[in-house]
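Q: Could you take me through one part of this model in detail? I would like to see how a pair of packed helices is put together.

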Amino acid sequence: MAIALTLAGTTDSGRFLFELSKTALFVLWLSLLGCAVMCLLRSRLEGTGKTRAFVLSFAILLAMCLLLAEIAYQLTRIFAESVIIHDSHSGFLFRTFMVSAIVIALGMRYLYVASEWRRSIVLEAQARISALQALIRPHFLFNSMNTIASLTRTDPRQAEEAVEDLSDLLRANLNTAKSRTSLKQELETAAIYQRIEKLRLGDRLRVKWDVGDLPMRALIPSLTIQPLLENAIYHGIELLPDGGEVTVTGRREDKDLVIAMSNPVATGTERSKRGNKMAMSNIRQRFELAYGGRGAVDVDDGTDRFTVTLRFPLEKDEV
Amino acid sequence: MKILIVDDEQPARDRLRQLIDDFDKYEVVAEAANGEQAVRLAAETKPDIVLLDIRMPGLDGIQAAQHLNRLDPAPAIVFATAYDEYAIDAFEARAIGYVLKPVRRERLASALEQAARLAAGTLAEVAAASHMEPRRQHLCSMSHGQLKLIPLQDVNYCQADQKYVCVHHAGGRDLIDDSLKSLEEEFADAFVRIHRSAVVAVASIERLEKTPDGKHRVILRDGSQQPENELIISRRHLADVRRRLKGG
């Protein structure tokens, strides 16, 4: 940077090295001090939010450059002949101001892009792991196998259907390469899941689907509705002696689709809450990756019902 | 040998019954769909072995086992679970019988063969190790062959009456087999001893009142069953009761 500045500023090639050393010294001062100040203020700036942190650090750095330029100017005036700085006082300050403003802006832009890029890599990795975690719970798999083992004697036909359903479900789960799937597909997967659980839980499991108004071609991150249903059953229905009704409602709101899943909960089941939080953060992560700030996963943890509401934008061509 | 099957899922019960029917020496005497039914049926049918699912609504397997353990004679218990690594680790460590779902015939045979009564205290250890509620959540009353589970939060106080202990709770009064001393120990953070013959649930105490003759007595939140001259706090327990009421 010092070299660039010197090259741009000097016409006399004989004075190049002399000018370079001067400029380099000045630039070094500025950058070192800038880094030091930013490091010191870091923890405070982090708490203020992205935009404010940017504006603040930009202002602070710029003020610091100006201050240093002034000090440098005064020092050279006092201790050395004024040859070191050729400019007039205001000219020197102005030049320093403009050059540092541009450099700081470029630098911050670079750092911002780099950090966003890093963040997106982390997010993506997390989403991949989440997708893996969203794979069917072992609890479900073993219980289903047990059910099928039982049905092979009592009702071979139903056992056959259960095996087919379970295979379809596993296939949908293995298909994690596709990060999005159509709403129709996703609802179908959830329905298959419901059929298998119904065999096990009988009349205790009741699900009311009210999703007829949703555009079935709309895309949704794959494996969101089925895991929600799984949660509703695992943490809700299974812990109620008489079971209960899970309700799934979907509607359009302007340009958004809103899908809500609600299940009754047993009172005083602290133990179940932990696992539920994990599953929720999993879906949240994948929503953030898919929609950024435009999607939302809201949880209403009431005393007798637990409700999750998914909100995500509808793309134009999906209507 | 008589077996009681306990599982909240019909197909799971069917499966166990199918397998047991294949064995000659065992006979299924009853099936229960939840923990409460299990304890009641066990008291009635006196099975030798209870096959007990762990994850059940209401009274779960571990809790039910704690009540089963108090029956006389106490049945041997074999747990059944689909997947619960913590519980399985705990069973392994303490040589408690269990089978994994889907249940394998040979595994079930050997688990039934080795089924043994659980030593007292073992279950509490298992519960703690598998992050389950280590304490009973109900008191269990047996009267005229009828079993009744009284939720702990409904209990106001327990009073010793010669041989028996009488539980006064939101739903009335019942006799239980536990001694005051064991109740006081098991539910140390919920109950407080006020007298040689009474423990009171701290949560149901409204305030303390001074009687005309200079003694102190407990006033319950649920005033309806407040006896006239009962729940007198003996001198040696007064300081302790006051400390507990302050949340100490």
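A: Happy to; here is a walk through one helix pair, followed by some of its surroundings. Keep in mind that this is a predicted model. Chain A has an average pLDDT of 83, and 86% of its residues score at least 70.

Two packed helices are described by the angle between their axes and the distance between the axes. The pair to look at is helix H5 (residues 138-154) of chain A and helix H6 (residues 156-174) of chain A, whose axes come within 7 Å and cross at roughly 155 degrees. Because angles over 145 degrees count as roughly antiparallel, H5(A) is roughly antiparallel to H6(A). The crossing of H5(A) past H6(A) is left-handed.

Now for the residues that meet. H5(A) brings Ser144(A), Thr147(A), Ile148(A), Leu151(A) and Thr152(A), while H6(A) contributes Pro156(A), Gln158(A), Ala159(A), Ala162(A), Val163(A) and Leu166(A). By class, the contact of H5(A) with H6(A) has seven nonpolar residues, four polar and no charged.

Stepping back to the chains, 22 residues of chain A are in contact with 17 residues of chain B. Here the chain B side does include charge: four charged residues, along with eight nonpolar and five polar.

Chain B also holds an open antiparallel sheet of three strands, in the order S13-S14-S15. Strands S13 (205-210) and S15 (232-233) of chain B are at the edges with a single partner strand each, so one side of each has no neighbour in the sheet. Strand S14 (residues 216-220) of chain B is joined to S15(B) by two bridges, and His216(B) has Ile233(B) as its bridge partner in S15(B).

Technical notes. Residues are numbered from 1 along each chain as its sequence is written. Chains are lettered from A and ligands numbered from 1 in the order in which they are written. This is a predicted model: local features need pLDDT of at least 70, side-chain atom pairs count only at pLDDT 80 or more; totals for chains, interfaces and linings use all residues. Axes are lines fitted to C-alpha atoms, for helices over the stretch in contact, and angles run from 0 to 180 degrees between N-to-C directions. Helices (H or I, at least four residues) and strands (E, at least two) are DSSP runs, numbered from the N terminus. Angles under 35 degrees count as roughly parallel, over 145 as roughly antiparallel, 65 to 115 as roughly perpendicular and the rest as oblique. A crossing is left-handed if the near helix is turned anticlockwise from the far one by less than a right angle, and right-handed if clockwise. Two residues are in contact if their C-beta atoms, placed from the backbone, lie within 7 Å. Ala, Val, Leu, Ile, Met, Phe, Trp, Tyr, Cys and Pro count as nonpolar, Asp, Glu, Lys and Arg as charged, and the others, Gly among them, as polar. pLDDT is the predictor's confidence in each residue, from 0 to 100. Two strands pair if DSSP finds at least two bridges between them.
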